[in-house]
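Here is a friendly walk through one protein chain, written to be read with the structure open beside you. We begin with a single contact and widen the view from there.

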Amino acid sequence: MDSVEQALPIDIHYGKLLDWLVDRRHCEARWLVDGRVIAKRVRQALEQLPPNDTLTPFIRRKDANYFECLEIVEQLKGLEGETKTIFGQYTSTKLKEWVEITKLYQTKNLYLAECAQRLIRNVKYEIPALKQQIAKCHQTQRECLKREGEYASSDAAFKEKFARACKDMDIRGKNVKSELVQLVSELHIVYGRFMDHLPAIQPAMDCYRGFREHMCGRKLEGSFLPLLSFLLQHGNTSVYQWRTGVEPEFPPTKPSQPTLHLEPECDEEELQLEIDWGANEQIDFGFSADAGGPKSNSEEEGGIELEGGIIDFTPVVEFEGKDE
């Protein structure tokens with residue numbers, strides 16, 4: 001009957017567990033002072049531990065509780081060996097130190113007080129904080145899923161808009177840059193078609209001119225629709241003639257189209273190539289520093305004497321075209 005009563009669990013509130021252990025004399029009231037001494041010894045012993053995959057987390061954290069100390073002892077038994085002296089002590093100083101630390105924890109049931117304190121701290125602070133963090137992560141996950149759906153719909157809308165724009169510009173959309181440049185190179189064909197159909201608007205221009213003169217009650221003076229009139233009279237000429245009204249002195253025999261140089265798209269690895277600035281090449285200035293003859297004052301002072309003695313800074317303007 002007594003053994004059955006001793007096996008029954010005791011219902012104790014977690015907040016009063018530490019006080020209950022002290023009141024029932026399972027632990028001393030000054031257990032915290034002894035615990036600080038043990039904690040200091042644990043930090044010193046952690047600095048002496050050998051580097052190991054299982055021991056490295058304890059070394060970095062610089063802290064270990066009673067159960068972690070037992071784990072460290074088991075790891076050191078496998079590393080240092082369990083050989084003992086004739087007095088029953090371990091030959092390894094590191095293993096001996098950690099065994100003594102575990103015994104200090106067991107003295108006066110100090111480890112029970114430490115575990116009770118950690119239990120109270122975890123229930124009051126750590127677990128609620130983790131619950132809040134989990135709830136925040138779930139909220140963030142829901143927001144990300146919502147944004148993912150919005151971005152997916154926006155992606156489909158932009159793809160449709162891009163395809164419609166490519167269709168309007170009559171390009172495939174595979175390589176937009178080269179395709180747009182190709183469209184620019186075909187502008188002269190479009191201009192030619194425009195000029196072919198331009199004479200058809202002459203009757204409309206005459207009708208509009210007559211309407212303006214009728215409404216104003218007088219004959220219009222000056223240019224009327226100057227751009228259209230110029231194109232009808234002169235055709236597709238140069239901008240110079242349109243602005244000045246004078247034909248170029250040396251007009252080209254055939255309208256030349258601008259040449260568009262399209263640079264191919266480079267990969268990131270090609271962009272990181274080293275640029276050759278030509279630092280090793282020498283510039284030929286047309287004179288030799290080792291040439292014989294008497295040195296002038298400028299040469300003695302470190303200057304350069306050019307052929308001719310005097311530099312002519314008068315600007316020279318060159319014109320292209322036929323000689324008069």
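## A contact at the start of a helix

In this predicted model, a polar atom of the Asn65 side chain lies 3.3 Å from the backbone nitrogen of Phe67. The side-chain atom concerned is an oxygen, and the contact sits at the start of helix H5. Asn65 itself is found in the loop that runs between H4 and H5.

Is Asn65 buried or exposed? Its relative accessible area is 15%, so Asn65 counts as buried, because the cut-off for buried is under 20%. Leaving out residues up to four places away in sequence, Asn65 touches Tyr105, Glu114 and Arg118.

## Helix H5, end to end

Helix H5 covers residues 66-80, which makes 15 residues. At 1.5 Å a residue the helix should span 21 Å, and its end C-alpha atoms are 20 Å apart, so the expected and modelled spans agree.

Which residues of H5 are buried? They are Tyr66, Glu68, Cys69, Ile72, Val73 and Leu76. These residues cover an arc of only 150° around the axis, so they lie on the same side of H5. On the other side of the helix, Phe67, Glu74 and Gly78 are exposed.

What covers the buried residues of H5? The cover includes four helices: H3 (31-46), H4 (56-61), H6 (93-106) and H7 (110-168).

## Aromatic rings

The model has four aromatic pairs. One of them joins Tyr66 and Phe67, in an edge-to-face arrangement with 5.3 Å from centre to centre and 70° between the planes. The two partners are placed differently on H5: Tyr66 is among the buried residues, while Phe67 is exposed on the other side. For Tyr66 the relative accessible area is 7%, so this residue is buried.

Tyr66 and Phe67 also belong to one aromatic cluster, together with Tyr105 and Tyr111. If you are following the contacts on screen, Tyr105 is already familiar as one of the residues that Asn65 touches.

## Thr54 and Leu104

Two further residues are worth finding in the viewer. Thr54 sits in the loop between H3 and H4 and, at 33% relative accessibility, counts as partly exposed. Its C-alpha atom is separated by 7.9 Å from that of Gln75, although the two residues are 21 residues apart along the chain.

Leu104 is in helix H6, and its relative accessibility of 33% makes this residue partly exposed. Along the chain Leu104 and Val37 are 67 residues apart, and their C-alpha atoms are separated by 9.9 Å. Leaving aside neighbours within four places in sequence, Leu104 is in contact with Ile38, Arg41 and Leu110.

## The loop between H6 and H7

Where does Lys108 lie? Lys108 is in the loop between H6 and H7, and Asn109 is found in that loop too. Lys108 has a positive phi of about 60° although it is not a glycine. Asn109, another residue other than glycine, also has a positive phi, near 55°.

How accessible is each of them? Lys108 has a relative accessible area of 46% and is partly exposed. Asn109 is partly exposed as well, at 27% relative accessibility.

## The chain as a whole

Stepping back, how many helices and strands does the protein chain have? There are 14 helices and zero strands, and from the N terminus on every element in the order is α.

Of the 324 residues in the chain, 15% count as buried. The accessible surface comes to about 27,800 Å², and 54% of that area belongs to carbon and sulfur atoms. Finally, among contacts between residues at least 6 apart in sequence, 52% join residues at least 24 apart.

Key. Residues numbered from 1 in each chain as written. Predicted model: local features only at pLDDT ≥ 70, side-chain atom pairs only at ≥ 80, totals over all residues. Heavy atoms only, no water. Helix = DSSP H or I, 4+ residues; strand = E, 2+ residues; numbered from the N terminus. Expected span 1.5 Å × (residues − 1). Buried < 20%, exposed > 50% of the residue type's maximum accessible area, 1.4 Å probe, protein only. Arc of directions from axis to C-beta. Contact = heavy atoms within 4.5 Å. Polar contact = N/O pair within 3.5 Å; in protein donor to acceptor, adjacent residues only side chain to side chain. Areas by Shrake-Rupley, 256 points an atom, 1.4 Å probe, with all protein chains shown as cover. Phe/Tyr/Trp six-rings, centres within 6.5 Å; stacked < 30°, edge-to-face > 60°.
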